[in-house]
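Here are my notes from a look through the model, point by point. Have the structure open while you read.

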Amino acid sequence: MRRRLGYHLVASLGIAGTLAAPGMAAAQDVAITNARIIVGNGALIESGTVVVRAGRIVSVSAGTANTQGLRIIDAKGMSAMPGFIDGHKHVAPGPNEKGQMQSLLEAGYTTVLAGGGMADNNVMLRDHIDSGMINGPRIIPSGQVSLRQTPGEARAAVQALVARGIKHTGEIALTPEPAPPQAEIEVLKAIVDEAKKGGVQVNVHAVSSPAMVAAIDAGVTRLVHLPNKDFTSYEQAEKVAQSGAIVAGLIAFGAPNIDRLSPPPAQVQWPKDNTARFRDGKPWPEAIAGANRDAKGRATGTEGGYTIINARRIWDADPNHTTISYSTDQNADDLVVLEHELKSFSIVFSMADIHRIMGPNAARFVGMADQIGTLEAGKLADIILIDGNPTLNIYEMLKTKVVIKEGKVVVDKR
């Protein structure tokens, strides 16, 4: 049975006092003991202790540690991992925000880059969470910058983001086929140049290999989607690696859903009729946005195959494996979306690879590699406790029981 947060802070952790505001818990000095610790960078501690003080990780060690004066969370039988990071998702304030943010937390997400929509809405949602008005993951806001304007207008749009303290553009869509026109490239170059001056990260939607290469040639290092229009060549993959760019996965785009939950707010079960559906619940592959089609105009469904092969090719082009990150871009039930993405990842990646992709690589994509993504001393205490062993298979990653964000217990389903 799911218990309320305030009850768990007192009854389960033994923490006295009341919450400062709805959805907000006080940061605690805690020790997570007897945990299998998946650090996120390839290291694994079979049984160890994580010490947290003032919202940050102080130590991660095998066996026991000095826990005097700390609140103890006994994680026996559970695994500690970095909180999940979604590098591209469309979120917004409104009547469904509380449910959507809680869904994300309970699936294990502690950081989400709001990848589109109006800057005002993204900032508002961030502020609702930061103020304690609602419970939710860390929201990184972005703002729209269009290619359908002059280079000067585009520069002004970037300057407006800087003035508001927004450090990310929303996804900037390049024409995928046959390739982006030169007019788009010129505006994109102006955006990249202006963004460097203001410390703004430029996030580009490039769903064909020619568009991906064009973005890189323009100076872009953050690509929101894997190419789903064609197979990426070895040479194109090497260009991604050599440029230092990283692609925020979305590997399951085009892969069909079977017998799953519909998107919110309805959250109804699709008919169990073994019918393949796109993520909007409509027939697959016909309903795929911008579907690849044959000479007779029929949707082919090749998007799913392209993304899986391209992900592995781009990954292999970099010996340090920093080129592939994680995002979902879906708003169905978040545990269902997590499973859907992980199923595609597991076709071509090991569990250790997946942990790296969702941990340090995802942190790098959102510009927070020095703060989140691994369980290491000095980083923010974004920690999830999973009831099982996520080194075994993807299904073990669907069992989040406890979520800690910056040292605050925000979900406890034990």
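1. A word on terms before the sheet: two strands pair if DSSP finds at least two bridges between them. Helices (H or I, at least four residues) and strands (E, at least two) are DSSP runs, numbered from the N terminus. This is a predicted model, where local features need pLDDT of at least 70 and side-chain atom pairs count only at pLDDT 80 or more, while totals for chains, interfaces and linings use all residues. Residues are numbered from 1 along each chain as its sequence is written, and side-chain values use heavy atoms, with hydrogens and water left out.

2. Now the open sheet: its 4 strands come in the order S9-S10-S11-S12, with parallel pairing. S9 (172–173) and S12 (246–247) are the edge strands with a single partner strand each, so one side of each has no neighbour in the sheet. Inside the order, S10 (residues 203–205) and S11 (residues 222–223) pair in the parallel sense over 2 bridges. To find the register, look for Asn203, which stands opposite Arg222 in S11.

3. Is strand S6 (residues 84–89) buried or exposed? Buried: 6 of the 6 residues of S6 are in that class, so the strand is largely enclosed by the rest of the structure. (Buried means under 20% relative accessible area, exposed over 50%, partly exposed in between, with a 1.4 Å probe and protein chains only.) S6 runs parallel to S7 (residues 109–114), joined to it by 4 bridges, and Lys89 sits opposite Ala114 in S7. Add helix H2 (residues 97–107), and S6, H2 and S7 make a right-handed β-α-β unit. Right-handed here means that, with the strands pointing away from the viewer, the path from the first strand over the helix to the second runs clockwise.

4. Ile139 belongs to strand S8 (residues 138–140) and counts as buried at 4% relative accessibility. Leaving aside residues up to four places away in sequence, Ile139 touches Val91, Met101, Val112, Ala114, Asn122, Leu125, Arg126 and Ile129 (contact means heavy atoms within 4.5 Å). Leu125 is 14 residues from Ile139 along the chain, and their C-alpha atoms are separated by 7.4 Å.

5. On cavities: the structure holds 3 of 30 Å³ or more, and the largest has a volume of about 40 Å³. (On a 1 Å grid over the protein atoms alone, a cavity is a set of points where a 1.4 Å probe fits but cannot get out, and lining residues have an atom within 4 Å of a point; grid points are joined across faces, edges and corners, and a volume is the space filled by probe spheres set on the points.) Gly40, Met81, Pro82, Phe84, His355, Met358, Gly359 and Met397 line the largest cavity. Helix H10 (351–365) gives the most to that lining, with 3 residues.

6. Two cis peptide bonds deserve a look. Glu177 to Pro178 has omega near -5°, with Pro178 in the loop between S9 and helix H5 (182–198). Trp284 to Pro285 has omega near 0°, and Pro285 falls in the loop between S12 and helix H8 (303–316).

7. Last, positive phi values outside glycine. His321 has phi near 55° and lies in the loop between H8 and helix H9 (334–348). For Glu406, phi is near 50°, in the loop between strand S14 (400–405) and strand S15 (408–412).

How values were computed
1 Å grid on protein atoms, 1.4 Å probe; cavity = no way out; pocket = protein on both sides within 12 Å on 5 of 7 lines; lining within 4 Å.
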